[in-house]
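Please open the model in a viewer and keep the selection tool at hand. The stops below proceed from one selection to the next.

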Amino acid sequence: MDIMSDNKIKKIVIAGGGTAGWMTAAALSKVLGCTNYDVHLVESEEIGTIGVGEATIPHIQKFNQILEIDENEFMKKTQATFKLGIEFINWKKIGQSYIHPFGSYGEDINAFPFHQYWLKLKSSGLASSLESYSIATMAARHKKFTRPLNINGSPLSDFGYAFQFDAGRYAQFLRGYAEARGVVRTEGKISSVELCENSGYIKSLSLVGGAVIEGDFFIDCTGIRALLIEGALKTGFEDWSHWLPCNSAVAAPCEKIEEPIPYTRATAHTAGWQWRIPLQHRTGNGHVYASQYMSDDEATGVLLKNLDGAVIADPRVIRFKTGRRVKFWNKNCVAIGLSSGFLEPLESTSIHLIQTAISKLINLFPSRRFMEDGAELYNKNTVFEYERIRDFLILHYKATERTDSDFWNYCRSMEIPEYLREKIKLYVSTGRIYRENEELFSTPSWLAVFEGQGIQAEEYHPAVDSMPLAELAERFKAYEQVINKCIDFMPTHTRYIADNCKAE
Amino acid sequence: MTSHRLVIYGGGVSAWVTAAALTNAYTVDVLKVVLVNPGVNTKEPSIADSGFTSLRRFHASMRISERELMGQTSATFKLGALYKNWSKPGQNFIHGFSNYGSMLDGIDFHQYAVLLHQCGDTTAFDAYSLAAQAAAAKKFGFLNKDLVEQGFNLDYSLHVDLSQYSQLMQTCAVRKHLEVICGQLDHLNLDADGNIKALVLTSGEVVGGDFFFDCSGSDSVLVRQLPGDKFLKWDKELPVNKQIDLVGGAAKSGLCTDLSVCRGGWLKSIPLKDKTLYSLTYNSEYESDDAAMTAAINFAGVELSDAVQPLTIVPGRRERFWVKNCLAIGAAAGNFTELTFSYLHHVQSGVLRFIDLYSAAGVNDFSAQQYNQLTSDEYARVLDYQQLNLLLGAAESSGFWSCTSKIPRTAELQRKLSLFKERGKLAFEEYETWMPGSWVSLLLGNNYWPEKHDVLLNGCNLELVVKRLGQMRMVNSNLAAQLSDEDEILGKYAILK
């Protein structure tokens, strides 16, 4: 008992507030508890956070559950809307659109994936568009929403949803949560990080004005600046900009001109793309671009020209470099959030990566004696996560028919990682999609982007032929009808928010 | 006022039930009841009956203790019919007596089930029936007053041994004031109008009376001798002509009558406390007697015995049931098939209607006309119901079942099906044996779904509907789990035998 308590980490210091900092603080306060651990968070009100309007993926529900956060409460406080997927416009070619939904297409038949049958029907000219078989997509297109309903066998029970919310308010919300559970917040700007001479471990943070915060374990949530993991520990960074050449973003919210829709929009421009995240009170927008192909002024112009409401704050330019930290856990420090690496928000993965980082950290949480024993596993898993998301993002740029700019010409013809190359090849030649281990994006996601961006399978699984074509066509028709019926009965997104989580 | 004298001719179930009902309804000062028992086997069901809920009301009106009756007739509690492999291969559906779901916001429950079905719901319809949940768990019990006031019900009937049941009815009737004469009919004495004056027996004995009941089974010994009698065959409407009855050991549970399709027709089993009646009803055009016998023996799990032979059955009815001063009851009046059928209900319904219409002041044409009209209507609706069961039997498509879609239907059944298919509404006729809820649950449980939901549901809160339907299912299964084990309750009843 004594050995245990002697070895136990006593003080955890989180450097930086923002989404990453407060999500970490909230989770630690709930799961580890502040009676056993002192959890401190240092942040400065002077330093802004990156998050503008933040879009998430369905895994965030799990985070809310663990924290026992009432979803409707949290939505009211963060001006949140529901999200059923992302609409990609102009990616394959200008004027084309598809939705990457949260949820599957159709249902497996005889243990074979639905899309194999769809490929066959399509080749016979009997299939409807892929999106007609996705309830999440159809609901998004009709601006409808309901949480999944417990109806056996119904598409209504089988889709996911996430949220679009104001990241600033989200951090505030979680701050309230974490402070109520004992997290101590210190206001202040970090001026330096002190290391222990022998071990090289972080010993303390010094704040402007002279205060010193010591700790046993440090979590770097300082964003792109990465003050601890890079600034102090010089961990190193692996650059991926040759695959994902965008390196800048200009963001600005605008007034809402219509009731918020239940999906995020990602519209490709000539040197990048623009996000549109509809919230209850306003719309978040941003233009992600490659500065070597487009100037900041031009990029800002493109953004402003493509807003659907009046701009309500000065556009803000953010610089980043896509890639990852060589180690995410180094010594007695773990980097969570943008300090760990940067992947553009094309598939809304930032918050998810924060969440998985937290959950891995909690699982592998160290003691003073075994400070780095979990680090290797943590780093290995995080590299895997990062790389699989990276490859999925690269697919969006690589699979295009666009020839209207140098940017797209570069992307279309660039070399891509081997994993992605093999995945594309397998789909084209056999229609098969394999999910590697726990990679984040599963079969329907890959299918959505493959088909949405013009990568087509040349064959389908031969086992599919065991079902007579007429029967297959009948089943597909029935399934489509069921989806249409479900959509008929779903409330509008606006109505659903009004009934459940309207911001006060 | 002189007392009228009613004469019953017959010695089977229908005769004894008629005697018991009449002696119970009238004191001897009003009506004198005589039964002439020919002492031969009557052509009518005699092994077991799968009752409807009306059976219990009949017993209550006779002041017969259910518990005693059950002890004396090897009875089991019946919660409904189990359609095994009927409308869809591998699907089991329990058609319970009690209600399915409950009304929401003034709209019939089943409309919500239709709505969810259209959204792809695959929940079994009987998940909404307490009776079905109880039967599936082999549970039974009597709901307390609180539950009943909350709208729950676990309506039930009984499976009874018919020969023991006849005995019981005989005891009841004799205890009242029945006079029994043994003897076989030689001929009828008719008056100038064609009314029966007396039965002249082979012994020479003359049994006179004011009114006569033909309870002689499907031979219809009395009515067929009366002027203008005619038998209407249902050979197209119910195209079966053979039946094999086998008695096997006691079933695992007595709570349901089982029905399933087979090549030549259908199989039915009625579980009693100590044995089970297995019957196979078929059409000999589609199945040979030998093949049917093999199928029946496999079904019943008994040894082949020469004593059992296929019976010929002739579905149909008399054109008129009440002719002059004679009324045909039971098989003498009409023969349905053994498909969702209770012979006791058939008999009791006839006697009770007579009691309702009989005027002690004498027999008049109005009573006869009215009786014949109402009974014709009732039979037509029973026929509709049996036909519907045949239409729903889609798990088999060969043999007998290749012809079921061509069965001529009444306009009423056609209307029922069309209206239901179109928008889930049930056309309810007068003098139906089955209540609208029974028709609806039979249809939905056997996958006959309407094409549209009720327009009243447009704009309803789907999330709330799903939640409330989920609650209904949960309450049913929780409630079912709290009931007693069937064996335990039946065990208590057996002590009284």
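In which loop of chain B does B:Ser87 lie? Select B:Ser87: this residue is in the loop between β5 and β6 of chain B, where helices (H or I, at least four residues) and strands (E, at least two) are DSSP runs numbered from the N terminus.

Before going further, note the conventions. The model is predicted, so that local features need pLDDT of at least 70 and side-chain atom pairs count only at pLDDT 80 or more, whereas totals for chains, interfaces and linings use all residues. Residues are numbered from 1 along each chain as its sequence is written, chains are lettered from A and ligands numbered from 1 in the order in which they are written, and side-chain values use heavy atoms, with hydrogens and water left out.

**Stop 1: the surroundings of B:Ser87**

B:Ser87 has a relative accessible area of 11% and is therefore buried (buried means under 20% relative accessible area, exposed over 50%, partly exposed in between, with a 1.4 Å probe and protein chains only). Add B:Gly393 to the selection: its C-alpha atom is separated from that of B:Ser87 by 4.6 Å, although the two residues are 306 apart along the chain. Leaving aside residues up to four places away in sequence, B:Ser87 touches B:Leu392, B:Ala394, B:Ala395, B:Gly445, B:Asn446 and B:Asn447; contact means heavy atoms within 4.5 Å.

**Stop 2: B:Asn447**

Move to B:Asn447, one of the residues touched by B:Ser87. B:Asn447 is in the loop between α12 (436-445) and α13 (462-482) of chain B, and its relative accessibility of 30% makes it partly exposed. Its phi is near 65°, a positive value in a residue other than glycine. Most residues other than glycine have a negative phi.

**Stop 3: B:Ser74**

A second positive phi is found at B:Ser74, where the angle is near 50°. Select the loop between α3 (66-72) and β4 (76-78) of chain B to find this residue. B:Ser74 is buried, at a relative accessible area of 4%.

**Stop 4: strands β5 and β6 of chain B**

Select residues 80-84 of chain B, which form β5; this strand runs antiparallel to β6(B), and 5 bridges join the two. Two strands pair if DSSP finds at least two bridges between them. Across this pair, B:Ala81 has B:His95 of β6(B) as its bridge partner. Strand β6 (residues 92-96) is mostly covered, with 4 of its 5 residues buried.

**Stop 5: chain B as a whole**

Now select all of chain B. Its secondary structure comprises 14 helices and 24 strands. Which radius of gyration does chain B have? The value is 23 Å, in agreement with the figure near 23 Å for a compact globule of 497 residues; the radius is taken over C-alpha atoms, and the globule rule is 2.2 Å times the number of residues to the power 0.38. Along the principal axes, the C-alpha atoms fill a box of roughly 75 × 50 × 50 Å. Of the 497 residues, 58% count as buried. Among contacts between residues at least 6 apart in sequence, 77% join residues at least 24 apart.

**Stop 6: strand β7 of chain A**

Turn to chain A and select residues 162-166, strand β7. Because 5 of its 5 residues are buried, β7(A) is largely enclosed by the rest of the structure. A:Ala162, A:Gln164 and A:Asp166 point one way from the strand, while A:Phe163 and A:Phe165 point the other way. In a regular strand the side chains alternate between the two faces of the sheet. Strand β4 (residues 81-83) of chain A runs antiparallel to β7(A) and is joined to it by 3 bridges; A:Phe82 has A:Phe163 as its bridge partner.

**Stop 7: an open sheet in chain A**

Next, display the open sheet of 6 strands in chain A, whose order is β8-β2-β1-β12-β22-β21 with mixed pairing. Its edge strands are β8 (184-187) and β21 (329-330), each pairing on one side only. At the β21 edge, this strand pairs with β22 (residues 333-335) in the antiparallel sense over 2 bridges, and A:Asn330 stands opposite A:Cys333 of β22(A).

**Stop 8: A:Ala27**

Finally, select A:Ala27 in helix α2 (residues 18-31) of chain A. A:Ala27 is buried, at 3% relative accessibility. Its contacts, not counting residues up to four places away in sequence, are A:Leu32, A:Phe63, A:Leu67, A:Ile358 and A:Ile362.
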